[in-house]
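Dear colleague,

I am passing on to you the structure that I have been working through, and I would be glad if you could look at it alongside the notes below.

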Amino acid sequence: RSGRVTGVQTCALPISKSKLTISRLILGVAVTSLITGCTTALSIMPENPPPEMVVPELWSTEHNSTVESINNSWFGELNSPPLENLINEALQHNQEIQIANLTWRAAEQNALITGTNTNLKSELGVSGKRVQTLSSTNKKVFTTTHSLDLSTSWEMDLWDRLSKQQQAAVVRQKASHADLEAARFSLAAKVARSWFRTIDATQQIKIAEERVTSYEHALEVITARQRVGLVDILDLHLSKSEVAIAEERLASREMEQRESIRTLESLLGRYPGADKKLIASLTQNQLSITASQIPSGLPSQLLERRADIVASRERMLAAGLDAEIAASNRLPSFSLTAKTGTSSEELHNILDFNYLVWSLIGNLTQPLFQQDRLKAEEMLNKIKHREAWFNHSKTLLTAFQEVENALSADKYQQRRVEALTRAANESQAAAKLALSRYEIGLSDIITLLDAQRRSYDRESARLTAIAKQIDNRILLHLALGGGYV
């Protein structure tokens with residue numbers, strides 16, 4: 001319930017002494033409650049904010065160069081020309097982006113709606129009424145009334161409650177737009193990661209095919225030697241077993257490639273049918289990355305461009321405004337309502353100003369018996385504000401962790417690629433030597449099969465390491481919210 005102190009300028013009627021006493025009593029209760037509500041609401045101070053995070057000026061991971069800014073052409077160093085077209089296709093057709101865009105547009109419209117709260121609200125209406133009554137002689141009497149009414153209301157923005165509602169809606173609109181940008185950047189990174197996983201799977205198929213061909217060639221040599229009695233039947237069985245294992249690995253790699261392609265197609269908004277043209281284009285791309293140094297001087301302020309951090313900050317601000325609005329809901333409000341129009345029993349007289357009637361009403365309201373509920377709502381919004389503050393702090397901490405992890409992992413990934421490249425080269429040389437020695441009887445079948453297995457395993461591991469290095473670079477750009485120059 002609300003207590004209401006109303007000033008009305010309209011027709012005056014005589015008020016009896018008892019009614020005047022009751023009116024004064026109600027007025028006194030309303031004013032007392034108004035003062036009490038103001039004092040109580042303003043005396044509740046918010047809790048102390050959580051401590052601020054100490055952020056270093058530079059990243060802890062050491063590198064050899066410095067940088068001053070970052071850019072959006074982060075996928076250029078990934079050395080894959082089709083990637084930009086794929087990202088653009090995904091941004092146009094991906095369903096998650098469309099949903100995020102609609103959410104932002106809805107927030108935009110909500111901000112426009114909230115912005116009208118401070119405007120004058122007017123309504124114009126035409127009505128007609130016909131009433132049947134009984135006279136004292138039990139005769140039916142019909143009365144017809146036609147009215148033209150114009151009503152205008154306006155609420156004074158006491159305590160900046162209405163303006164803060166508008167500010168909160170605008171801030172949430174900004175947060176929603178930041179969510180859209182975050183979704184777009186995240187989708188671009190997902191497409192890039194899926195693209196290179198698919199390239200890796202395609203190149204793994206090539207290695208598996210070469211493994212099958214090599215083992216089949218070794219089987220032919222062993223079969224020929226076994227026919228003339230130069231090798232034991234055991235060598236033949238072991239060689240056939242390795243051919244079967246190689247064929248199984250090839251089937252497994254082909255299955256992984258198809259699954260990767262379908263994942264990529266889903267991100268692009270295409271039907272996940274493992275399109276043959278897309279498969280053909282994959283064979284023309286290699287896993288490689290531009291050998292560029294990651295700058296050590298990336299200032300931590302660059303994280304301010306991350307859209308998820310922007311969205312988190314805006315929601316924290318909106319939650320603070322909600323807490324202030326909840327506090328002002330315990331305070332009195334004042335509004336004016338003006339009504340004017342004409343009323344006549346004849347329809348043609350509703351445009352005649354001689355039948356004009358009007359009223360002007362001023363309302364000063366103060367909640368009386370709901371202070372406990374309003375106080376609880378205020379404290380609830382303060383809790384939500386504090387929760388949003390901690391969520392923002394958590395988002396920042398997660399972002400710093402992601403950047404530091406990606407920076408740290410890059411140098412280790414580079415060392416892995418270099419080591420596995422040397423291992424692959426040595427293993428290939430060993431496999432060739434083992435095959436030539438076996439052909440002339442200087443080596444046994446176990447040595448040959450082991451050398452061939454090591455050669456293909458090392459080459460497969462080398463490609464996987466390159467794919468992980470590229471994937472880590474993508475994660476770094478995602479953590480930074482862009483590229484670096």
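What follows goes from the overall make-up to two helices, one arginine and a cavity.

Please keep in mind throughout that this is a predicted model. The protein contains 9 helices and 5 strands, and from the N terminus on these elements run in the order β-α-α-α-β-β-α-α-α-α-β-β-α-α. Of its 485 residues, 40% are buried, while the area that the protein exposes comes to about 28300 Å², with 56% of it supplied by carbon and sulfur atoms. When one takes the contacts between residues at least 6 apart in sequence, 83% of them join residues that are at least 24 apart.

Two helices were compared with the span expected at 1.5 Å a residue. Helix α4 has 67 residues and should on that basis span 99 Å, and the 96 Å between its end C-alpha atoms agrees with this. Just after α4, Gly 229 takes a positive phi of about 80°. Helix α7, which covers residues 307-328, reaches 32 Å from its first C-alpha to its last, close to the 32 Å expected for its 22 residues. Because 16 of these 22 residues are buried, α7 is largely enclosed by the rest of the structure.

Within α4, I looked at Arg 193 in particular. This arginine has a relative accessible area of 22%, so it counts as partly exposed, given that buried means under 20%. Apart from its neighbours within four places in sequence, Arg 193 is in contact with Asp 471, Ile 474 and Leu 475. The last of these, Leu 475, lies 282 residues from Arg 193 along the chain, yet the C-alpha atoms of the two are separated by 8.8 Å.

Helix α4 also has a part in the cavity. A search of the whole structure for cavities of 30 Å³ or more finds 1, and the volume of the largest cavity is about 30 Å³. Its lining is made up of Gln 204, Ile 207, Ala 208, Arg 211, Arg 249, Arg 253 and Ser 460, which by class gives 2 nonpolar, 2 polar and 3 charged residues. Both α4 (161-227) and α5 (233-268) supply at least two residues of this lining, and α4 provides the largest share, with 4 residues.

With best regards

Key
Residues numbered from 1 in each chain as written. Predicted model: local features only at pLDDT ≥ 70, side-chain atom pairs only at ≥ 80, totals over all residues. Heavy atoms only, no water. 1 Å grid on protein atoms, 1.4 Å probe; cavity = no way out; pocket = protein on both sides within 12 Å on 5 of 7 lines; lining within 4 Å. Points joined across faces, edges and corners; volume = space filled by probe spheres on them. Nonpolar A, V, L, I, M, F, W, Y, C, P; charged D, E, K, R; others polar. Buried < 20%, exposed > 50% of the residue type's maximum accessible area, 1.4 Å probe, protein only. Contact = heavy atoms within 4.5 Å. Areas by Shrake-Rupley, 256 points an atom, 1.4 Å probe, with all protein chains shown as cover. Expected span 1.5 Å × (residues − 1).
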